[in-house]
Amino acid sequence: MKKVICKVEYDTEASELIQKKAFGEFGDPKGYEETLYKTQDGKFFLYVNGGAESPYAEEAIKRMSPAKAEEWQKA
């Protein structure tokens with residue numbers, strides 16, 4: 001997935017996958033996934049996707065600061 005936020009392109013295929021977290025079972029409408037990526041420029045972003053009843057009913061990209069990315073990894 002690609003998305004431009006504040007004139008910066010975030011691309012899951014061109015970025016380094018750092019960590020992936022899954023919540024719920026496959027096919028669970030409340031289940032979802034969060035995947036942390038790092039761009040070649042060192043920017044972090046979270047790719048999210050989930051079932052119809054999850055917090056991420058539609059796939060999205062959310063940019064993150066390095067501090068928030070580190071915090072997310074520890075959670």
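**Helix, strands and ring pairs in a predicted single-chain model**

E70 has a relative accessibility of 45% and therefore counts as partly exposed (buried is under 20% relative accessible area, exposed is over 50%, and partly exposed is in between, with a 1.4 Å probe and protein chains only). The model is predicted, and local features need pLDDT of at least 70, side-chain atom pairs count only at pLDDT 80 or more, and totals for chains, interfaces and linings use all residues. Residues are numbered from 1 along each chain as its sequence is written, and side-chain values use heavy atoms, with hydrogens and water left out.

E70 belongs to helix α1 (helices are DSSP runs of H or I with at least four residues, strands are runs of E with at least two, and both are numbered from the N terminus). Between the C-alpha atoms of E70 and K20 there are 13 Å in space, and the two residues are 50 residues apart along the chain. Helix α1 covers residues 66–74 and also holds K68. The relative accessible area of K68 is 48%, so K68 is partly exposed. K68 and L46 are 22 residues apart along the chain, with 10 Å between their C-alpha atoms.

The chain as a whole contains 1 helix and 6 strands. Their order along the sequence is β-β-β-β-β-β-α. The radius of gyration of the chain is 12 Å, which agrees with the value near 11 Å for a compact globule of 75 residues (taken over C-alpha atoms; the globule rule is 2.2 Å times the number of residues to the power 0.38). The C-alpha trace spans about 35 × 25 × 20 Å along its principal axes. Of the 75 residues in the chain, 33% are buried. The accessible surface of the chain is about 5,200 Å², and carbon and sulfur atoms contribute 48% of this surface (Shrake-Rupley method, 1.4 Å probe). Among contacts with a separation of 6 or more, 32% are between residues 24 or more positions apart (contact means heavy atoms within 4.5 Å). The chain carries 12 positive and 14 negative charges, and the mean positions of the two sets are 7 Å apart (Lys and Arg are positive, Asp and Glu negative, and His and the chain ends are not counted; the charge is placed at NZ of Lys, CZ of Arg, CG of Asp or CD of Glu).

Aromatic pairs were searched for in the whole structure, and 4 were found (rings of Phe, Tyr and Trp, the last by its six-membered ring, pair if their centres lie within 6.5 Å; planes under 30 degrees apart are stacked, over 60 edge-to-face and the rest tilted). In one of these pairs, the ring centres of Y32 and Y56 are 5.3 Å apart and the planes are at 75 degrees, so the pair is edge-to-face. This pair links distant parts of the chain, as Y32 lies in strand β4 (residues 32–38) and Y56, 24 residues apart from Y32, lies in the loop between β5 (44–50) and β6 (60–64). Y56 counts as buried because its relative accessibility is 15%. Y37 and F45 form a stacked pair, because their ring centres are 5.2 Å apart and their planes are at 10 degrees. Y37 is buried at 11% relative accessibility, and F45 is buried at 0%. Together with Y10, the residues Y37 and F45 form a cluster linked by ring pairs.

Two residues near the N-terminal strands have positive phi values without being glycine: C6, with phi near 50 degrees, and K7, with phi near 65 degrees. C6 is located in the loop between β1 (2–5) and β2 (8–11), and K7 is found in the loop between β1 and β2 as well. C6 is exposed, because its relative accessibility is 55%. K7 has a relative accessibility of 83% and so is likewise exposed.

V8 is placed in strand β2. At 23% relative accessibility, V8 counts as partly exposed. When residues up to four places away in sequence are not counted, V8 touches K3 and K43. The C-alpha atoms of V8 and R63 are 9.9 Å apart in space, while the residues are 55 residues apart in sequence.
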